[in-house]
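These are my notes from a reading of one structure. I kept them in the order in which I looked things up.

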Amino acid sequence: MKIIAVKAISDTDKLYTQVQTENKIFFVDEPVVIGGTDLAPNPLEYFLGSLASCICITLQLYAKRKNWNPGKIEVNVQLDSNDVQNKKISKTICFENHLSSEQIERLLSIAEKCPVSKLISEAVPMTITNV
């Protein structure tokens with residue numbers, strides 16, 4: 001797998017941060033109550049959005065390959081961080097069209113195999129440097 005890199009740049013005191021990928025730009029922010037401008041999703045919202053969208057894309061690709069028609073796929077992801085020791089991510093998946101129980105079971109299994117789900121479920125070493 002190739003290296004995927006992004007760069008975040010914050011040059012104001014308002015927390016509004018620009019994120020650059022290889023060929024795209026998006027913004028991340030925080031609510032006004034903690035000093036942001038609330039003009040963009042916060043980092044956790046992007047994280048959960050990445051997970052939900054990765055599951056959707058993975059399911060769409062799999063269903064297309066199998067010639068299944070799930071219709072619209074909706075993935076809801078929620079982080080429960082009330083208990084600092086036992087954080088939990090809950091995922092709910094809804095399919096617009098009727099599918100057999102076997103198809104649903106297989107799709108739920110495939111959802112756990114999306115790249116973001118796999119990354120979260122594994123311990124990923126991280127390093128930090130100052131240049």
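Which residue in strand 3 does Gln18 stand opposite? I looked it up, and the residue is Phe27. I note here that the model is a predicted one.

**Entry 1, the sheet.** I went from that pair to the strands around it. I found 3 strands forming an open sheet, in the order 1-2-3, with antiparallel pairing. At the edges I have strand 1 (7-9) and strand 3 (25-28), each of which pairs on one side only. Ignoring direction, I read an average turn of 30° between neighbouring strands of this sheet. As background, I wrote down that the strands of a sheet pair through backbone hydrogen bonds, in either a parallel or an antiparallel way.

**Entry 2, strand 1 with strand 2.** I counted the bridges next. Strand 1 is joined to strand 2 (residues 17-20) by 3 bridges, and the two run antiparallel. Opposite Ala8, I found Val19 of strand 2.

**Entry 3, strand 2 with strand 3.** Here I found 4 bridges, again between strands that run antiparallel. The connection is a hairpin, which takes 4 residues to get from strand 2 to strand 3. Besides Gln18, which stands opposite Phe27, I checked Thr17 and found Val28 of strand 3 as its bridge partner.

**Entry 4, the faces of strand 2.** Which residues of strand 2 are on its covered face, and which on the uncovered one? I put Thr17 and Val19 on the covered face, and Gln18 and Gln20 on the uncovered face. So that I can tie this to the pairs above: Val19 is the residue opposite Ala8, and Thr17 is the bridge partner of Val28.

**Entry 5, two loop residues.** I looked for positive phi values outside glycine. Leu15 has one, at about 75°. I placed Leu15 in the loop between strand 1 and strand 2. Its relative accessibility is 35%, so I entered Leu15 as partly exposed. Asp38 is not a glycine either, and its phi is positive, near 60°. I located Asp38 in the loop between strand 3 and helix 1.

**Entry 6, the largest pocket.** I noted the general idea before the numbers: a probe the size of a water molecule, rolled over the atoms, shows where empty space is left. For the largest pocket I have a volume of about 1100 Å³. What lines the largest pocket? I listed 24 residues, with Ile4, Ala5, Val6, Ser50 and Leu119 nearest the centre. Sorted by class, the lining comes to 17 nonpolar, 3 polar and 4 charged residues. I also checked which elements take part: strand 1, strand 3, helix 1 (43-65) and helix 3 (115-121) each give at least two residues to this lining.

**Entry 7, helix 2.** Which residues of helix 2 (residues 101-111) are buried? I wrote down Gln103, Leu107, Ile110 and Ala111. Seen down the helix axis, these buried residues of helix 2 stay within an arc of 100°, and therefore they line one face of the helix. On the other side of helix 2 I found Ser101, Glu102 and Glu105 exposed.

**Entry 8, Lys91.** I found Lys91 in strand 5 (residues 88-95). Is Lys91 buried or exposed? Neither word fits, because a relative accessibility of 31% makes Lys91 partly exposed. I then compared sequence with space: Lys91 and Leu51 are 40 residues apart in sequence, and 9.3 Å apart from C-alpha to C-alpha.

**Entry 9, Val124.** Val124 is in the segment after helix 3. With 42% relative accessibility, I count Val124 as partly exposed. From Val124 to Ser50 I read 74 residues in sequence and 17 Å in space, C-alpha to C-alpha. Ser50 was already in my notes, as one of the residues nearest the centre of the largest pocket.

Conventions: Residues are numbered from 1 along each chain as its sequence is written. This is a predicted model: local features need pLDDT of at least 70, side-chain atom pairs count only at pLDDT 80 or more; totals for chains, interfaces and linings use all residues. Side-chain values use heavy atoms; hydrogens and water are left out. Two strands pair if DSSP finds at least two bridges between them. Axes are lines fitted to C-alpha atoms, for helices over the stretch in contact, and angles run from 0 to 180 degrees between N-to-C directions. On a 1 Å grid over the protein atoms alone, a cavity is a set of points where a 1.4 Å probe fits but cannot get out, and a pocket is an open set with protein on both sides within 12 Å along at least five of seven lines; lining residues have an atom within 4 Å of a point. Grid points are joined across faces, edges and corners, and a volume is the space filled by probe spheres set on the points. Ala, Val, Leu, Ile, Met, Phe, Trp, Tyr, Cys and Pro count as nonpolar, Asp, Glu, Lys and Arg as charged, and the others, Gly among them, as polar. Buried means under 20% relative accessible area, exposed over 50%, partly exposed in between (1.4 Å probe, protein chains only). The arc is that of the directions from the helix axis to the C-beta atoms.
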